[in-house]
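Trainee: Could you take me through one part of this model in detail, the sheet and the contacts that go with it? I would like a connected account rather than a list.

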Amino acid sequence: MSLDYITDEQVVKRANAAVGLEIEKLKAMGAPVIIYDRKKQVVVRRNNDGTETEVGKRLRKGSYSERIKKEI
């Protein structure tokens, strides 16, 4: 019995392809798409007409241990 595992690269490619298909499906249905803009570090809602609305911001920066040190 041979176990055929897929590599991490294949998992990432499949996940990215699935997300891309879902975004295209939402666009075709006329639904807004929610994305994360890495440059601005904000969550953005993109409508069919091309307008973008900022929905939220990244709340935390740094690792958990760095945040705990600041609180103490």
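**The sheet and its surroundings**

Mentor: Let us begin with a contact between side chains: those of E52 and R46 meet in a salt bridge, with 2.9 Å from N to O. The model is a predicted one, and within it E52 is partly exposed, at 43% relative accessibility, while R46, with a relative accessible area of 40%, is likewise classed as partly exposed.

To place this pair, consider the strands in which the two residues lie. Strand β2 covers residues 42-46, and β3 covers 52-57; these two strands pair in the antiparallel sense over 5 bridges. Within that pairing, V43 stands opposite G56 in β3, and V44 stands opposite E54 in β3. The strands β2 and β3 form a hairpin, with 5 residues between them, and in the turn G50 has a positive phi of about 95°.

On its other pairing, β2 is joined to β1 by 5 bridges, and these two strands also run antiparallel. Here R46, the residue that meets E52 in the salt bridge, stands opposite V33 of β1. A hairpin is formed by β1 and β2 as well, with 4 residues between the strands, and Q41 in its turn has a positive phi of about 55°.

Taken together, the 3 strands form an open sheet in the order β1-β2-β3, with antiparallel pairing. Because β1 (33-37) and β3 (52-57) stand at the edges and each has a single partner strand, one side of each is left without a neighbour in the sheet. Neighbouring strands of this sheet are turned against each other by 30° on average, when direction is ignored. As a general point, the strands of a sheet pair through backbone hydrogen bonds, in either a parallel or an antiparallel manner.

Leading into the sheet is the loop between α1 and β1, where G30 is found. At 36% relative accessibility, G30 counts as partly exposed. The C-alpha atom of G30 is separated by 9.5 Å from that of D49, although the two residues are 19 residues apart along the chain.

The salt bridge with which we began is one of 2 that a search of the whole structure finds. In the other, the side chains of K25 and E22 meet at 3.5 Å, N to O. Both belong to helix α1 (residues 8-29), and because K25 and E22 are 3 residues apart in that helix, they are separated by about one helical turn. K25 is partly exposed, with a relative accessible area of 43%, and E22 also counts as partly exposed, at 39% relative accessibility.

A word on confidence belongs with any close reading of this kind. The chain averages a pLDDT of 86, and 90% of the residues score at least 70. Confidence in the chain is highest in α1, at 94, and lowest in helix α2 (residues 64-71), where the mean is 70.

Note on methods
Residues numbered from 1 in each chain as written. Predicted model: local features only at pLDDT ≥ 70, side-chain atom pairs only at ≥ 80, totals over all residues. Heavy atoms only, no water. Pairing = 2+ DSSP bridges. Axes fitted to C-alpha atoms, helices over the stretch in contact; angles between N-to-C directions. Salt bridge = Lys/Arg side-chain N within 4 Å of Asp/Glu carboxyl O. Buried < 20%, exposed > 50% of the residue type's maximum accessible area, 1.4 Å probe, protein only. pLDDT = per-residue confidence, 0-100.
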